[in-house]
Amino acid sequence: MSKTIYVLNGPNLNLLGKRQPDIYGRETMADVEALCVAEAKKHGFAIRYHQSNREYELIDWIHEARENAAGIVINAGAFTHTSIAILDALNAYDGPVIEVHISNVHKREEFRHHSFISARADGVIVGCGTQGYAFGIARIAALHGQ
Ligand code: CA2
C-alpha cells in the first residue's frame, strides 16, 4: 500500500495568510503544508503537497495520484464550483478523496453552495479553517486502518 497522501490546492490559495484573514485565517500555504506533514507523520504517511492556479496542473497531479497515492485531500478553490474536468479526473482515481474548504461555503454566496467535487468525495470538511486539512488526512489514514 502506498504511504503518500496527495494534498492539492486550487487557485488563489497561494494568497492564504496574505489577504482576507477574516475568511481564511492567518496561516500561509507553507504553514498548511507543515500542518499536513505533521498530521500525516502521526499516522505513518508522507505528503505530496501542491498548489496551482491552473486547472490542468491539478488534473495532472490527480492522474499522477492514480499511480502512487493512498488518498487525495483536495481544496480545489473556486474550481470546486465550476470544474467537471476535475470531477472526471477524480472519478478516474480509485482511492479515498476528501474535499476540504477552509471557510464554511454554505454560509457564503449561493454560487459556493454547489460543488462538482462532492459528487465524488468520500468526505467533505467545510468551515473548520486550515485544521480541516488535518481532519482530511486523519480520515484517509483511518480508512486505511492507520
Ligand atoms: O473555503 C475554501 O477553502 C474555498 O475553497 C476557498 C476558495 C473559494 O473560491 C471557495 O469557494 C472556498 C478561494 C480561495 C481563495 O483564497 C484566498 C486566500 C486568501 C486571500 C484571497 C484568496
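This passage describes three helices, several loop residues and the largest pocket of a predicted model.

Helix α2 covers residues 29-42. Its 14 residues should span 20 Å at 1.5 Å a residue, and the C-alpha atoms at its ends are 20 Å apart, so the length agrees with expectation. Five residues of α2 are named as buried: Met-29, Val-32, Cys-36, Glu-39 and Ala-40. Because these residues cover an arc of only 95° around the axis, they lie on the same side of α2. An α-helix has 3.6 residues a turn, so residues three or four places apart point the same way. The exposed residues Ala-30, Lys-41 and Lys-42 are found on the other side of α2. The buried residues of α2 are covered by elements that include the strands β1 (4-9) and β2 (46-51) and the helix α5 (131-143). Just after α2 comes Gly-44, which has a positive phi of about 80°.

Helix α3 spans residues 55-68 and contains 14 residues. The expected span is 20 Å at 1.5 Å a residue, and the distance of 21 Å between the end C-alpha atoms agrees with this. Leu-58, Ile-59, Trp-61, Ile-62 and Ala-65 are buried in α3. Seen down the helix axis, the buried residues of α3 fall within an arc of 160°, so they line one face of the helix. Tyr-56 and Glu-67 are exposed on the other side of α3. The cover over the buried residues of α3 includes β1, β2, β3 (71-75) and α4 (84-91). Both β1 and β2 are thus among the elements that cover the buried residues of α2 and among those that cover the buried residues of α3.

Helix α5 has 13 residues. From its first C-alpha to its last, α5 reaches 19 Å, close to the 18 Å expected at 1.5 Å a residue. The buried residues of α5 are Gly-132, Tyr-133, Ala-134, Gly-136, Ile-137, Ile-140 and Ala-141. These residues pack against the strands β1, β2, β3, β4 and β5, and also against helix α2. Gly-145 follows α5 and has a positive phi, near 75°.

Positive phi values also occur in the loop between β1 and α1 (21-24), where Asn-12 is placed. Most residues other than glycine have a negative phi. Asn-12, however, has a positive phi near 75°. Gln-20 lies in the loop between β1 and α1 as well, and its phi is positive, near 50°. The relative accessible area of Gln-20 is 35%, so this residue counts as partly exposed.

The loop between α4 and β4 holds Ala-92 and Tyr-93. Ala-92 has a relative accessible area of 31% and is therefore partly exposed. In sequence, Ala-92 and His-63 are 29 residues apart, while their C-alpha atoms are 7.8 Å apart in space. Tyr-93 counts as buried because its relative accessibility is 4%, under the cut-off of 20%. Tyr-93 and Ile-72 are separated by 21 residues in sequence and by 9.1 Å from C-alpha to C-alpha. When neighbours within four places in sequence are left aside, the contacts of Tyr-93 are Ile-62, Ala-65, Arg-66, Ala-69, Ala-70, Gly-71, Ile-72 and Arg-120. Among these contacts of Tyr-93 are Ile-62 and Ala-65, which are buried residues of α3.

Glu-110 is in the loop between β4 (97-101) and β5 (123-126). With a relative accessibility of 65%, Glu-110 counts as exposed, since the cut-off for exposed residues is over 50%. Glu-110 and Ile-84 are 26 residues apart in sequence, and their C-alpha atoms are 19 Å apart in space.

The largest pocket encloses about 370 Å³ of space. It is lined by 18 residues, of which Pro-11, Asn-12, Leu-13, Tyr-24 and Arg-112 are the closest to its centre. By class, the lining of the largest pocket consists of 8 nonpolar, 7 polar and 3 charged residues. Asn-12, one of the residues closest to the pocket centre, is the loop residue described above with a positive phi near 75°.

Methods
Residues are numbered from 1 along each chain as its sequence is written. This is a predicted model: local features need pLDDT of at least 70, side-chain atom pairs count only at pLDDT 80 or more; totals for chains, interfaces and linings use all residues. Side-chain values use heavy atoms; hydrogens and water are left out. Helices (H or I, at least four residues) and strands (E, at least two) are DSSP runs, numbered from the N terminus. The expected span of a helix is 1.5 Å times one less than its number of residues. Buried means under 20% relative accessible area, exposed over 50%, partly exposed in between (1.4 Å probe, protein chains only). The arc is that of the directions from the helix axis to the C-beta atoms. Contact means heavy atoms within 4.5 Å. On a 1 Å grid over the protein atoms alone, a cavity is a set of points where a 1.4 Å probe fits but cannot get out, and a pocket is an open set with protein on both sides within 12 Å along at least five of seven lines; lining residues have an atom within 4 Å of a point. Grid points are joined across faces, edges and corners, and a volume is the space filled by probe spheres set on the points. Ala, Val, Leu, Ile, Met, Phe, Trp, Tyr, Cys and Pro count as nonpolar, Asp, Glu, Lys and Arg as charged, and the others, Gly among them, as polar.
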